Amino acid sequence: MNEIIQSQPDATPRDAAPRPQEGTTVEKLIHLALPVRLVHMRNGVRNGTEVACTYDIHPRGARLLTARNVKVGDLITVERGRQKSVCQVVWAADPHSALRGQFTVECVEGSRIPWEEELRQMEEQYLPVIPGSNKPASNKPGSNKPAGPNLKTTMMAFDRDEQNRRRRPRYQVEGDADLAEISGGSHLDGRLEQISEYGCLVSAGDLLTPGTGLRLVLNICDVSVALRGHVRYTAQNRAMGVEFQEIRQGDRPLLDYILNRLRKPLTQDFADLEVVIEPMAAVAG
């Protein structure tokens with residue numbers, strides 16, 4: 001029998017900035033508040049300074065909060081102690097959203113990033129996606145088990161919250177997905193097709209077996225969100241339904257930002273796919 005996924009119009013906001021370049025290596029990102037000094041530049045001229053704070057840091061830049069109006073393409077010098085680097089704004093949050101004032105920069109000049117030592121010493125942390133699943137997350141590399149709540153515990157949590165989970169809207173989207181088995185096995189590049197608060201649908205050339213624990217980074221609306229979960233099912237030998245278990249600390253507001261931007265139109269719940277048992281010729285007739 002054939003599982004049919006109904007296609008919907010692209011719901012990706014048209015005013016979104018360019019998505020991250022395909023093939024970009026997944027980098028460590030740490031949710032950490034560090035005080036920094038920002039020197040704003042406009043047309044090559046110094047245009048004011050301010051003291052700000054990072055939300056998260058990564059090897060090429062950081063997400064910060066500002067009281068000034070910044071735009072994609074602006075150059076800002078980020079200073080911390082004796083370290084400074086010229087950075088370019090690559091994303092700025094919608095000023096009407098809950099993330100107003102936040103923006104992301106990438107370093108374009110400078111031999112060292114101002115938070116290099118913190119990145120070296122710290123590891124990413126993950127928190128449960130499902131409220132009440134409070135088992136501490138595991139961040140040991142090469143672990144053979146999904147981090148945080150084990151699969152059985154998480155599935156029980158989903159069973160208890162089944163009705164609420166079913167009411168979560170699913171959105172048709174276009175985005176990139178980087179997937180890696182938590183056990184250290186396969187690494188896949190995929191295309192994000194649908195997303196909800198608790199899961200997503202990803203198409204890929206190679207599919208993972210249902211039950212496989214994985215880490216995935218979703219690039220959509222010009223932001224990246226990292227999660228851990230497991231493959232729940234495969235569809236038509238081309239796509240995987242993934243159920244989220246944990247989300248990287250600091251990424252929950254970004255996931256909410258994405259879902260709010262994709263609020264309309266809604267798509268069919270991909271966890272409840274229509275199963276067609278009649279021959280395709282009969283359906284066509």
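D222 is found in the loop between β13 and β14. In this predicted model, that loop makes a good place to start, since C221 sits in the loop between β13 and β14 as well. Most residues other than glycine have a negative phi. D222, however, has a positive phi of about 65° although it is not a glycine. C221 also goes against the trend, with a positive phi near 55° in a residue other than glycine. Are these loop residues buried or exposed? D222 has a relative accessible area of 12%, so it counts as buried. C221 is buried too, with a relative accessible area of just 2%.

Stepping back to the whole chain, the protein has 5 helices and 16 strands. Of its 285 residues, 45% are buried. The accessible surface adds up to about 14700 Å², and carbon and sulfur atoms hold 49% of that. How do the contacts spread along the sequence? Counting contacts between residues at least 6 apart in sequence, 63% join residues at least 24 apart.

Next come the nonpolar cores. The largest one has 36 residues, and within it I195 and L216 touch the most other members. Two or more residues of this core come from each of β10 (171–181), β11 (187–195), β12 (199–203), β13 (213–220), β14 (223–235), β15 (239–248) and α4 (252–261). The largest share, 5 residues, is given by α4. A second, separate core has 19 residues, including I30, V89, V105 and I113.

L216 is worth a look of its own. Setting aside neighbours within four places in sequence, L216 is in contact with D178 and L179, with C200, with the run V225, A226, L227, R228 and G229, and with V242 and F244. Going by the residue ranges of the core elements, L216 falls in β13 (213–220), while D178 and L179 fall in β10 (171–181) and C200 falls in β12 (199–203). By those ranges, V225 is in β14 (223–235), and V242 and F244 are in β15 (239–248).

Between β15 and α4 there is a loop, and G250 lies in it. Its relative accessible area is 15%, so G250 is buried. Which residues does G250 touch, leaving out those up to four places away in sequence? They are H31 and R63. G250 also shows how the fold brings separate parts of the chain together: Y55 is 195 residues away in sequence, yet the two C-alpha atoms are 7.5 Å apart in space.

The strands offer a picture of their own, with β6 (residues 75–80) as the link. On one side, β6 runs antiparallel to strand β3 (residues 35–42), and 4 bridges join the two. One of the residue pairs here is R37 with its bridge partner E79 in β6. β6 also pairs with strand β7 (residues 83–92), again in the antiparallel sense, over 6 bridges. In that pairing, I76 stands opposite C87 in β7. β6 and β7 make up a hairpin with 2 residues between them, and G81 in the turn has a positive phi of about 65°.

C87 leads on to the cysteines. With a relative accessible area of 0%, C87 is buried. Why does C87 not form a bond with C107? The closest cysteine sulfur to that of C87 belongs to C107 and is 3.4 Å away, which is too far for a bond, because a disulfide needs the two sulfur atoms within 2.5 Å. Across the structure, there are 0 disulfides. C53 has a relative accessibility of 32%, so it counts as partly exposed.

Last comes E118, which is placed in helix α1 (residues 116–121). Is E118 buried or exposed? At 17% relative accessibility, E118 counts as buried, because the cut-off for buried is under 20%. What does the side chain of E118 make a polar contact with? The partner is the side chain of R80, at 3.0 Å. Apart from residues up to four places away in sequence, E118 touches L32, L34, I57 and R80. R80 falls within the residue range of β6 (residues 75–80), so this contact ties helix α1 back to the strand described above.

Notes:
Residues numbered from 1 in each chain as written. Predicted model: local features only at pLDDT ≥ 70, side-chain atom pairs only at ≥ 80, totals over all residues. Heavy atoms only, no water. Buried < 20%, exposed > 50% of the residue type's maximum accessible area, 1.4 Å probe, protein only. Contact = heavy atoms within 4.5 Å. Areas by Shrake-Rupley, 256 points an atom, 1.4 Å probe, with all protein chains shown as cover. Polar contact = N/O pair within 3.5 Å; in protein donor to acceptor, adjacent residues only side chain to side chain. Core = buried A, V, L, I, M, F, W, Y, C linked by side-chain atoms within 4.5 Å. Pairing = 2+ DSSP bridges.
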